[in-house]
Amino acid sequence: MNNKKRILEEDAAKTYNQFKVFEGRKYTGMKVGGRHKWHYEKGEWNEKKVTPERWEFSYAVPKRRAGHAPPGSGVPVGTEYHWYILGHQNVRKLDENTYTTSMTGLKYKLAHKRAGKDTWSASEQAQRRQLIKILQELIDDLSAETPAVETPAAAKPPRALETKARRQTSSSGRRAARRGASRKRRLLASGGR
């Protein structure tokens, strides 16, 4: 291994556990803005229809990093996480037995369990409160966004432009909502209610 690559890997291993700050909150782990790429092996998705529009599902599969983690970086083997995922699943039927599927969304850490420990970093009640907070912030963000106005078919812009404009409108609304939510969090953190 060349010297530059070794230094970068050592730096990644050191900085993973260092305290970082995001919107006034301390955290450890991957830096905000960092990325992972994973390969999911053949898994099993089970689902059950419980109302006309609602399904319950379970999914289990091993996932493997696309590359290799720098030696010494990340959490120890045996660490567990409890994530909450909100996502869009888009599917298209290809034949009687086959669909394409893609998912995009958000995932939130509710708790972790360190390797060798029997307890989670947050109680079930605390995890539930955190989930309610996440869902409320999402509702606030969605409520703050301006819905796209329908135009007559003849006056519609090309689909690519329409999508880009919707993304821009949507992202500016989310930014404004995040700024408002960030202000609320700072106010609460400072003790003002």
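Where is E23 found? Let us start there: E23 lies in the loop between β1 (20-22) and β2 (25-27). Please keep in mind as we go that this is a predicted model. The backbone at E23 deserves a look, since its phi is near 50 degrees, a positive value in a residue other than glycine. E23 counts as partly exposed because its relative accessibility is 37%, which falls between the 20% limit for buried and the 50% limit for exposed.

From that loop, move along the chain to a part of the surface. Here W38, Y40, F57 and Y59 make a nonpolar surface patch of about 450 Å². Two strands, β3 (38-40) and β5 (55-60), each supply at least two residues of this patch. Take F57 as an example: its place is in strand β5. With a relative accessible area of 52%, F57 is over the 50% cut-off and therefore exposed.

Next, look for charged partners. Side chains of opposite charge can pair when their charged atoms come close. How many salt bridges does a search of the whole structure find? The search finds two.

One of them joins the side chains of R64 and E41, with an N to O distance of 2.4 Å. This pair links distant parts of the chain: R64 belongs to strand β6 (residues 63-65), E41 sits in the loop between β3 and β4 (44-49), and 23 residues separate them. E41 has a relative accessibility of 33%, so this residue counts as partly exposed.

The side chains of K113 and E80 also meet in a salt bridge, at 3.9 Å from N to O. Again the pair links distant parts of the chain, with K113 in strand β8 and E80 in strand β7, 33 residues apart. Are these two partners buried or exposed, or somewhere in between? K113 is buried, because its relative accessible area of 15% is under the 20% cut-off. E80, at 35% relative accessibility, counts as partly exposed.

That second salt bridge brings us to the strands that hold its two residues. Strand β7 (residues 80-95) and strand β8 (residues 98-113) run antiparallel, and 15 bridges join them. Together β7 and β8 form a hairpin, with two residues between them. To see the pairing for yourself, find Y81, which stands opposite H112 in β8.

Definitions and conventions:
Residues are numbered from 1 along each chain as its sequence is written. This is a predicted model: local features need pLDDT of at least 70, side-chain atom pairs count only at pLDDT 80 or more; totals for chains, interfaces and linings use all residues. Side-chain values use heavy atoms; hydrogens and water are left out. Two strands pair if DSSP finds at least two bridges between them. Helices (H or I, at least four residues) and strands (E, at least two) are DSSP runs, numbered from the N terminus. Buried means under 20% relative accessible area, exposed over 50%, partly exposed in between (1.4 Å probe, protein chains only). Patches are made of residues with over 30% relative accessible area and no salt bridge: like charges are joined within 9 Å, nonpolar side chains (Val, Leu, Ile, Met, Phe, Trp, Tyr) within 5 Å. Accessible areas come from the Shrake-Rupley method with a 1.4 Å probe; for residues, only the protein chains shown count as cover. A salt bridge is a side-chain nitrogen of Lys or Arg within 4 Å of a carboxyl oxygen of Asp or Glu.
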